[in-house]
Amino acid sequence: MVQNPETIQECIEKARQRLYQIANQYPDLWHPEVIRQSMVLDELINEYNQATRLKKTVKI
């Protein structure tokens, strides 16, 4: 299910803050937790892009 872009944007901000926290905790950027959270953020960004594309398509 594709969510509202604004809702996804809020999730992106939370995931980004979490990534900052984890990166501060594990300075090695190759640490599995840093990579895992980075992947979560990537997925949310992809979902946001998809939702905004669909929203534009529906408006046409």
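A residue is called buried when its relative accessible area is under 20%, exposed when it is over 50%, and partly exposed in between. The exercises below use a predicted model.

**Exercise 1. Determine which residues of helix 1 are buried, and which exposed residues lie on the face turned away from them.**

Solution.
Step 1. Helix 1 covers residues 5-25, 21 residues in total. From its first C-alpha to its last it reaches 30 Å, close to the 30 Å expected at 1.5 Å a residue.
Step 2. The buried residues of helix 1 are Pro 5, Ile 8, Ile 12, Ala 15, Leu 19 and Ile 22. Around the axis they cover an arc of only 90°, so they sit on the same side of helix 1.
Step 3. On the face turned away from this buried side, helix 1 carries the exposed residues Glu 10, Lys 14 and Asn 24.

**Exercise 2. Identify the residue that caps the N-terminal end of helix 1, and give the contact involved.**

Solution.
Step 1. The capping residue is Asn 4.
Step 2. A side-chain oxygen of Asn 4 lies 2.8 Å from the backbone nitrogen of Glu 6.

**Exercise 3. Find how many salt bridges the whole structure holds, and describe each one.**

Solution.
Step 1. The search of the whole structure gives two salt bridges. The criterion is a side-chain nitrogen of Lys or Arg within 4 Å of a carboxyl oxygen of Asp or Glu.
Step 2. One of the two joins the side chains of Arg 16 and Glu 13, with an N to O distance of 2.6 Å. Both residues belong to helix 1 and are three residues apart, about one turn of the helix.
Step 3. Arg 16 has a relative accessibility of 26% and therefore counts as partly exposed. Glu 13, with a relative accessible area of 38%, is partly exposed.
Step 4. Another salt bridge links Arg 36 with Glu 33, whose closest N and O atoms are 2.4 Å apart. Arg 36 and Glu 33 both lie in helix 2, three residues apart, about one turn of the helix.
Step 5. Arg 36 is partly exposed because its relative accessible area is 46%. Glu 33 is at 30% relative accessibility, so it also counts as partly exposed.

**Exercise 4. State which residues make the nonpolar surface patch, and classify Met 39 as buried or exposed.**

Solution.
Step 1. Trp 30, Ile 35 and Met 39 make a nonpolar surface patch of about 380 Å².
Step 2. Met 39 is found in helix 2, which runs over residues 32-59.
Step 3. Met 39 counts as exposed because its relative accessibility is 51%, and the cut-off for exposed is over 50%.

**Exercise 5. For Ala 23 and Tyr 20, give the sequence separation and the C-alpha distance to Ser 38.**

Solution.
Step 1. Ala 23 is part of helix 1. With a relative accessible area of 23%, Ala 23 is partly exposed.
Step 2. Ala 23 and Ser 38 are separated by 15 residues in sequence and by 9.8 Å in space, C-alpha to C-alpha.
Step 3. Tyr 20 also lies in helix 1. Its relative accessible area is 46%, so Tyr 20 is partly exposed.
Step 4. Tyr 20 and Ser 38 are 18 residues apart along the chain, and their C-alpha atoms are separated by 9.7 Å.

**Exercise 6. Place Leu 54 in the fold, and give its distance from Val 40.**

Solution.
Step 1. Leu 54 lies in helix 2.
Step 2. Leu 54 is partly exposed, with a relative accessible area of 40%.
Step 3. Between Leu 54 and Val 40 the separation is 14 residues in sequence and 21 Å in space, C-alpha to C-alpha.

Note on methods: Residues numbered from 1 in each chain as written. Predicted model: local features only at pLDDT ≥ 70, side-chain atom pairs only at ≥ 80, totals over all residues. Heavy atoms only, no water. Patch = residues over 30% accessible without salt bridge, like charges linked within 9 Å, V, L, I, M, F, W, Y side chains within 5 Å. Areas by Shrake-Rupley, 256 points an atom, 1.4 Å probe, with all protein chains shown as cover. Helix = DSSP H or I, 4+ residues; strand = E, 2+ residues; numbered from the N terminus. Buried < 20%, exposed > 50% of the residue type's maximum accessible area, 1.4 Å probe, protein only. Expected span 1.5 Å × (residues − 1). Arc of directions from axis to C-beta. Polar contact = N/O pair within 3.5 Å; in protein donor to acceptor, adjacent residues only side chain to side chain.
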